[in-house]
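Me: I am new to this structure and should be grateful for a close look at a single part of it. Please begin with the backbone at one loop residue, and then set that residue in its surroundings.

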Amino acid sequence: MLNRPNHNSHLIDYMGINVLKASHPQVRKLKRQQQGHSAHGNKVWRSSFVLMDYLSTWEIPPGSKVLDVGCGWGLAGVYLTKHYQAEVTGLDIDDSVEPFFKLQAEINQCTIKFEQRSFESLNKHDLAPYHTLMGTDICFWDELTTPLFNLLRRALDAGCQNILIADPGRPPFWALADLCVAKLDGEVVSRTIQQPWKSEKYILRIGDQ
Ligand SMILES: C[S@@+](CC[C@H](N)C(=O)[O-])C[C@H]1O[C@@H](n2cnc3c(N)ncnc32)[C@H](O)[C@@H]1O
């Protein structure tokens with residue numbers, strides 16, 4: 001899909017989705033109202049643009065349930081909701097991302113569920129409804145590798161068919177990828193986008209797509 005320039009300079013038009021820029025007046029207003037974010041959910045991270053590009057080659061039955069772990073502002077979920085009629089839930093430990101998440105959905109005329117919760121707290125019963133678990137830029141500290149690996153294992157045990165984790169290639173991500181390749185039949189692909197910036201990221205995928 002072609003990325004057309006958006007006439008509103010506070011938004012990026014990417015693959016048919018309006019992406020909030022930090023300069024957007026409502027973003028600035030929300031930031032003024034908050035003390036700050038605790039774990040990096042303060043913008044849309046570039047891995048989510050690359051994951052959207054990857055998802056554009058994807059097939060998923062309409063209405064499939066997707067869990068976006070560490071969703072931040074939830075961009076990839078908006079894309080799946082708009083273009084695949086997926087039923088997305090964004091989950092984040094940091095409740096301060098919720099107003100940004102809601103604003104991102106609202107400017108794209110869609111509604112997406114948000115849950116303020118840690119991914120460590122999700123058990124197999126919680127994970128069972130999901131067709132796909134995805135995450136972008138969520139493995140950024142060494143301490144996150146093992147709990148994320150355990151989450152992915154629980155999700156697969158619960159019947160989740162696809163897992164997609166996009167990352168710039170930080171060491172904790174590679175540690176997670178190594179574990180998933182060795183123990184969960186995962187693989188890593190690299191993917192590059194040219195717009196809105198040239199950016200190469202890595203996608204850990206487990207499952208049939
Ligand atoms: C670098 S941001 C990425 C946000 C978003 N996925 C994106 O690509 O724009 C990482 C997000 O993970 C969330 N996070 C960190 N640890 C978490 C945990 N244990 N459970 C759920 N969310 C977590 C943070 O609050 C933050 O919103």
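Reply: D185 is exposed, with 10 other C-beta atoms within 10 Å. This residue belongs to the loop between α7 and β8. Its phi is positive, about 60°, although D185 is not a glycine. Most residues other than glycine have a negative phi, and most peptide bonds are trans.

The model is a predicted one. Its chain has an average pLDDT of 92, and 93% of the residues reach at least 70. Over residues 1-7, however, the pLDDT is below 50, and this stretch has 13 contacts in the model beyond near neighbours in sequence. Where pLDDT is low, the predicted coordinates should not be read in detail.

A positive phi of about 60° is also found at D137, again a residue that is not a glycine. D137 sits in the loop between β6 and α6. Is D137 buried or exposed? D137 counts as buried because it has 23 C-beta neighbours inside 10 Å, and the cut-off for a buried residue is 20 or more.

The loop of D185 follows on from the helix α7 in the description of its place, between α7 and β8. Helix α7 spans residues 171-183 and packs against helix α6, residues 142-157, at an angle of about 30°, the two axes lying 8 Å apart. Since angles under 35 degrees count as roughly parallel, α6 is therefore roughly parallel to α7. The crossing of these two helices is right-handed. On the side of α6, the contact is formed by D142, L144, T145, L148, F149 and L152, while α7 contributes P172, A175, L176, L179 and C180. By character, the residues of this contact comprise nine nonpolar, one polar and one charged.

On the other side of the D185 loop is β8. Strand β8 (187-193) is among the elements that cover the buried residues of helix α2, together with β1 (11-14), α3 (75-84), β6 (132-136), β7 (162-167) and β9 (199-207). Helix α2 itself, residues 46-55, is mostly covered, with nine of its ten residues buried. The buried residues of α2 are S47, S48, F49, V50, L51, M52, D53, Y54 and L55.

The loop between β8 and β9 holds P196. The peptide bond joining Q195 and P196 is cis, with omega about -5°.

Key: Residues are numbered from 1 along each chain as its sequence is written. This is a predicted model: local features need pLDDT of at least 70, side-chain atom pairs count only at pLDDT 80 or more; totals for chains, interfaces and linings use all residues. pLDDT is the predictor's confidence in each residue, from 0 to 100. Two residues are in contact if their C-beta atoms, placed from the backbone, lie within 7 Å. Axes are lines fitted to C-alpha atoms, for helices over the stretch in contact, and angles run from 0 to 180 degrees between N-to-C directions. Helices (H or I, at least four residues) and strands (E, at least two) are DSSP runs, numbered from the N terminus. Angles under 35 degrees count as roughly parallel, over 145 as roughly antiparallel, 65 to 115 as roughly perpendicular and the rest as oblique. A crossing is left-handed if the near helix is turned anticlockwise from the far one by less than a right angle, and right-handed if clockwise. Ala, Val, Leu, Ile, Met, Phe, Trp, Tyr, Cys and Pro count as nonpolar, Asp, Glu, Lys and Arg as charged, and the others, Gly among them, as polar. A residue is buried if 20 or more other C-beta atoms lie within 10 Å of its own, exposed if 12 or fewer, and partly exposed in between; C-beta atoms are placed from the backbone.
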